[in-house]
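Work through the exercises below with the sequence and the model open side by side. Try each task before reading its solution.

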Amino acid sequence: MSRDDSKASRGARDATSGAAMIDKDDRRPSELTEQETETESETEMTEGESERSRRRNRSSSLRSGGMSSSMNPPSGLSSSAFPPPSHTPSTPRGGSSSYLMRHDRHGRGPMPQLEADKPWQQKMRTFRTRTIWTLILVSSFFCLLAAGHIYCTLFLLVATGGIYGEVIAIKRNVEKDKKMPLFFFLRWYFFACTIFFVGAKWVSPLIETFSLKYIAVDVILSYHPFISFVAFTTGFIAFVLTLRKFTLRYQFKQLAMVLITLLVVVVNSLSMIANVYNGLIWFVLPATLVVVNDVFAYIFGVFFGRTRLIALSPKKTWEGFIGASIVTMVWAVLCASVLEQYKWFICPQEKITFVPFRWDLHCDPNIVFTPRPYRLPARLADMAGLSELVITPMLGHAIVLGFFAAIIAPFGGFFASGVKRAFKIKDFGGSIPGHGGLTDRFDCQILMGIFTYIYYNSFVYTDRQEAVESILSSIATLSLQDQLKIYRRLHDNLVRRHALGSARAMPYAAEM
């Protein structure tokens, strides 16, 4: 074979291999085989790790003196030709913190700047925007309270749906969703099933009057667990039927995201609806505690923050955390002492009503709202000049809620910050200017709401009258035959205890 023939054959082989590579690269992601997709993903991850490693090495060399040596004048020229810069990286302009404090300790790039170190005009611009929208949110909150329990409930449902939508959209691929419209629908189908399954537990006692009028409501309440199971099973079957060969990994990742969000966000958020109907004080007090803690943590951080609190949320400072905790504890006592004086806040609403701005609730107050005398220790009594203090037990419960809002609830925000850093996003959304999305504002509220619900049912729900009302509400949902059985057993029990004087004939006895 001649030299020209060998060159021609090599050129043909190169052209063939190049055409194959072009054909492969020109294919759409859906046309690649699963093995090719995984190989490309691994290659991208390896290249990303290499790039991050080079970046870390470069940053370390700069901090160890590479930057200062690169700024030296070239040999043969005087140093006067190269005047020193007005500021060096070791002492950044406009702040007292060192260069190392502004950078990640592992050398992965600059840390977010503290609010207190930002220029005054920038701080005031951010502060003004946040303040305006905070006032708008607070005003809307009070309007909902004035409208009534059902409107607070509707707001919580809308907010829960908004948070759910923001979280599941983090890793959503719009192009893949367009090819699977049923899969997009299943996300919200599972959300509706969760609302129905969890929410009915708290709603059923409130709609007993509707169950007596409408057969459909009575059937739903009677067979609620079975209906919920059928609904979830239907969604599971539909999900399996939507699986596609080249999007399996994406679909199962999305399913995992949906299930975790339903468990962590939706179920816990629904507990706040139960707090609303237990008495508005159990909704207003925890919600305002979180708001006060968040607002004053920002204020103290802007004007006094110098020491970072946690790496997951670099803008949080110890000064803001401590200052906000003190203000939150004071607010807990003041707010509880005011709200407990009004039956509109302390009385539970036993029936759903859609008539807004009706403040005529009446009830026998829970024992936690009844003042009691508490004897002070001798030394404290001598200092205060009082032998005993008359207060309601509610103030003690308010202090517990305030402590949780100040110390524990912020970890809900830290968790949300960790999620944002993991997925490399600044905010969950942009629906609230200056604040981010709904998730950015309600991350601590979710944790506070579930704690309040558990705390109320563990330490506060002791009033026997409320227990009687709950039992009567459950009896009203039973069939007529079951109600007659309960009546006969109760009648016999009262006769044995001589509470009725004599065993009178029972109505409907012949039908039994």
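The exercises go from the whole chain to single pairs of residues.

The model is predicted. Keep that in mind at every step.

**Exercise 1. Take stock of the chain.**
State how many helices and strands the protein chain has, and what share of its residues counts as buried.

Solution.
- Step 1. Go through the secondary structure: the protein chain has 19 helices and four strands.
- Step 2. Turn to burial. The protein chain has 512 residues, and 34% of them count as buried.
- Step 3. Add the surface. Its accessible area is about 31,300 Å², with 65% belonging to carbon and sulfur atoms.
- Step 4. Look at contacts between residues at least 6 apart in sequence. Of these, 69% join residues at least 24 apart.

**Exercise 2. Classify two aromatic pairs.**
Decide whether the rings of phenylalanine 300 and phenylalanine 304 are stacked, tilted or edge-to-face. Then do the same for phenylalanine 404 and phenylalanine 451.

Solution.
- Step 1. Set the scene: the structure contains 20 aromatic pairs.
- Step 2. Take phenylalanine 300 and phenylalanine 304. Their ring centres lie 6.0 Å apart, and the planes make an angle of 40°. Planes under 30 degrees apart would count as stacked, and over 60 as edge-to-face. The angle is 40°, so this pair is tilted.
- Step 3. Place the pair. Both residues sit in helix α11 (residues 281-304), four residues apart, so about one helical turn separates them.
- Step 4. Check exposure. Phenylalanine 300 has 24% relative accessibility and is partly exposed. Phenylalanine 304 has 52% and is exposed.
- Step 5. Take phenylalanine 404 and phenylalanine 451. The centres are 3.9 Å apart with 0° between the planes, and this pair is stacked.
- Step 6. Place this pair too. Phenylalanine 404 is in helix α15 (residues 393-408) and phenylalanine 451 is in helix α17 (residues 438-460). They are 47 residues apart, and the pair links distant parts of the chain.
- Step 7. Finish with exposure. Phenylalanine 404 is buried at 11% relative accessible area. Phenylalanine 451, at 21%, is partly exposed.

**Exercise 3. Look at other ring contacts.**
Find which residues form an aromatic cluster with Phe183, and which ring arginine 130 lies over.

Solution.
- Step 1. Start from Phe183. Its partners in the cluster are Phe239, Tyr250 and Phe252.
- Step 2. Go to arginine 130. It lies over the face of tyrosine 298, 4.2 Å from the ring centre.

**Exercise 4. Trace a nonpolar patch.**
Work out which helix supplies the largest share of the nonpolar patch that includes Ile215.

Solution.
- Step 1. List the members: Ile215, Val219, Ile220, Tyr223, Phe226, Ile227, Phe229 and Val230. Together they have about 800 Å² of accessible area.
- Step 2. Assign them. Helices α8 (215-222) and α9 (224-242) each supply at least two residues.
- Step 3. Compare: α9 gives the largest share, with four residues.
- Step 4. Test one member. Valine 219 lies in helix α8. Its relative accessible area is 37%, so it counts as partly exposed.

**Exercise 5. Find the surroundings of tyrosine 453.**
Say whether tyrosine 453 is buried or exposed, and which residues it contacts beyond its neighbours within four places in sequence.

Solution.
- Step 1. Locate tyrosine 453 in helix α17.
- Step 2. Read its relative accessible area, 15%. The limit for buried is under 20%, so tyrosine 453 is buried.
- Step 3. Leave aside the neighbours within four places. The contacts are Lys201, Trp202, Ser271, Ala274 and Asn275.
- Step 4. Pick serine 271. Its C-alpha atom is 6.2 Å from that of tyrosine 453, although 182 residues separate the two along the chain.

**Exercise 6. Compare salt bridges.**
Describe the burial of aspartate 177 and arginine 187, then that of arginine 358 and aspartate 360.

Solution.
- Step 1. Count: there are six salt bridges.
- Step 2. Take aspartate 177 and arginine 187, which meet at 3.3 Å, N to O. Aspartate 177 is in helix α5 (residues 174-179), and arginine 187 is in helix α6 (residues 181-203). Both residues are buried.
- Step 3. Widen the view. Arg172, Asp177 and Arg187 are linked in a salt-bridge network.
- Step 4. Take arginine 358 and aspartate 360, which meet at 3.1 Å, N to O. Arginine 358 is partly exposed at 43%, and aspartate 360 is partly exposed at 41%.

Key. Residues numbered from 1 in each chain as written. Predicted model: local features only at pLDDT ≥ 70, side-chain atom pairs only at ≥ 80, totals over all residues. Heavy atoms only, no water. Phe/Tyr/Trp six-rings, centres within 6.5 Å; stacked < 30°, edge-to-face > 60°. Buried < 20%, exposed > 50% of the residue type's maximum accessible area, 1.4 Å probe, protein only. Lys NZ or Arg CZ within 6 Å of the ring centre and 35° of its normal. Contact = heavy atoms within 4.5 Å. Areas by Shrake-Rupley, 256 points an atom, 1.4 Å probe, with all protein chains shown as cover. Patch = residues over 30% accessible without salt bridge, like charges linked within 9 Å, V, L, I, M, F, W, Y side chains within 5 Å. Salt bridge = Lys/Arg side-chain N within 4 Å of Asp/Glu carboxyl O.
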